[in-house]
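Thank you all for coming; I would like to walk you slowly through one structure this morning. Please have a look at it as it comes up, and then we will go through it piece by piece.

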Amino acid sequence: MVNRIKWLFDANVGQPFFFGTIFGYYAKNLMTMTISDLKTLTAGERFVLVDFYAHWCGPCKAMHSVLDSVQQQLSNLVEIVRVDIDRPENLVLADHFRINAVPTLVLFREGRQLWRRSGVMSVEELVSELRHQERLEFY
């Protein structure tokens, strides 16, 4: 099974910390994401949903399965990127986007921030919101 979610977190607790597609295994490559990297990633036609989270956060852990389900349902529409705001190399990124609570989801397309929400959402709520954003962008 191919996991198309980009992971940027938790190398210290055995979770993937990788910028690239993961094919059913945890990546060993450690990379950081800069503001420039994120701007480049979000500059395209495809929607990019960034999940700012912390590894100690219970609601953030609940969102992981939600995001996995959303990615499976909408793999042709959205790419999901996860960023651990507690990692020192991600602090500048979290500050730049004024992340004050976790989990915070931020949706981008063509370099523009389209939508943002903090807190837990169900799969149905998130899919509905992404479909709504898709309709807004194409009309």
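Let me start with Cys60, which counts as buried because its relative accessibility is 0%, under the 20% cut-off. Cys57 is also counted as buried, in this case at 4% relative accessibility. You may be wondering how many disulfides the structure holds. The number is zero, and I should say at this point that what we are looking at is a predicted model.

Stepping back to the chain as a whole, there are four helices and six strands, and if you follow them from the N terminus, the order is β-β-α-β-α-β-α-β-β-α. The chain has 139 residues, of which 47% count as buried, and it exposes about 7,200 Å², with carbon and sulfur atoms supplying 52% of that area. If we take the contacts between residues at least 6 apart in sequence, 61% of them join residues that are at least 24 apart.

The element I would like to spend most of our time on is strand 3, which covers residues 47–53 and has seven of its seven residues buried. As a general point, side chains in a regular strand alternate between the two faces of the sheet. Here, Phe47, Leu49, Asp51 and Tyr53 lie on one side, while Val48, Val50 and Phe52 lie on the other, and both of these faces are covered.

Which strands, then, does strand 3 pair with? With strand 4, residues 78–84, strand 3 runs parallel and is joined by seven bridges, and within that pairing Phe47 has Val78 as its bridge partner. Strand 3 also pairs with strand 5, residues 104–109, this time in the antiparallel sense and over five bridges, with Leu49 standing opposite Leu107. Between strands 3 and 4 you can trace helix 2, residues 58–73, and these three elements together make a right-handed β-α-β unit.

Let us turn now to the interior. The largest nonpolar core contains 20 residues, and Val50 and Phe52 are those with the most contacts inside it. Two or more residues come from each of helix 1 (35–41), strand 3, strand 4, helix 3 (91–96) and strand 5, and strand 3 gives the most, with four residues. Apart from this core there is another, made of 19 residues, and among them are Phe47, Leu67, Leu126 and Val127. To return to Val50, and leaving out residues up to four places away in sequence, this residue touches Leu38, Val81, Val83, Thr104, Leu105, Val106 and Phe108.

Asp51 also sits in strand 3, and its relative accessible area is 0%, so Asp51 is buried. If we again set aside neighbours within four places in sequence, the residues in contact with Asp51 include His64 and Leu67, as well as Val81, Arg82 and Val83. Pro103, Thr104 and Leu105 are in contact with Asp51 too.

My last stop is Glu89, in the loop between strand 4 and helix 3. Is Glu89 buried or partly exposed? Its relative accessibility is 26%, and therefore Glu89 counts as partly exposed. Glu89 and Thr34 are 55 residues apart along the chain, and their C-alpha atoms are separated by 8.1 Å.

Key
Residues numbered from 1 in each chain as written. Predicted model: local features only at pLDDT ≥ 70, side-chain atom pairs only at ≥ 80, totals over all residues. Heavy atoms only, no water. Buried < 20%, exposed > 50% of the residue type's maximum accessible area, 1.4 Å probe, protein only. Pairing = 2+ DSSP bridges. Right-handed = clockwise from strand over helix to strand, strands pointing away. Contact = heavy atoms within 4.5 Å. Areas by Shrake-Rupley, 256 points an atom, 1.4 Å probe, with all protein chains shown as cover. Core = buried A, V, L, I, M, F, W, Y, C linked by side-chain atoms within 4.5 Å. Disulfide = S-S within 2.5 Å.
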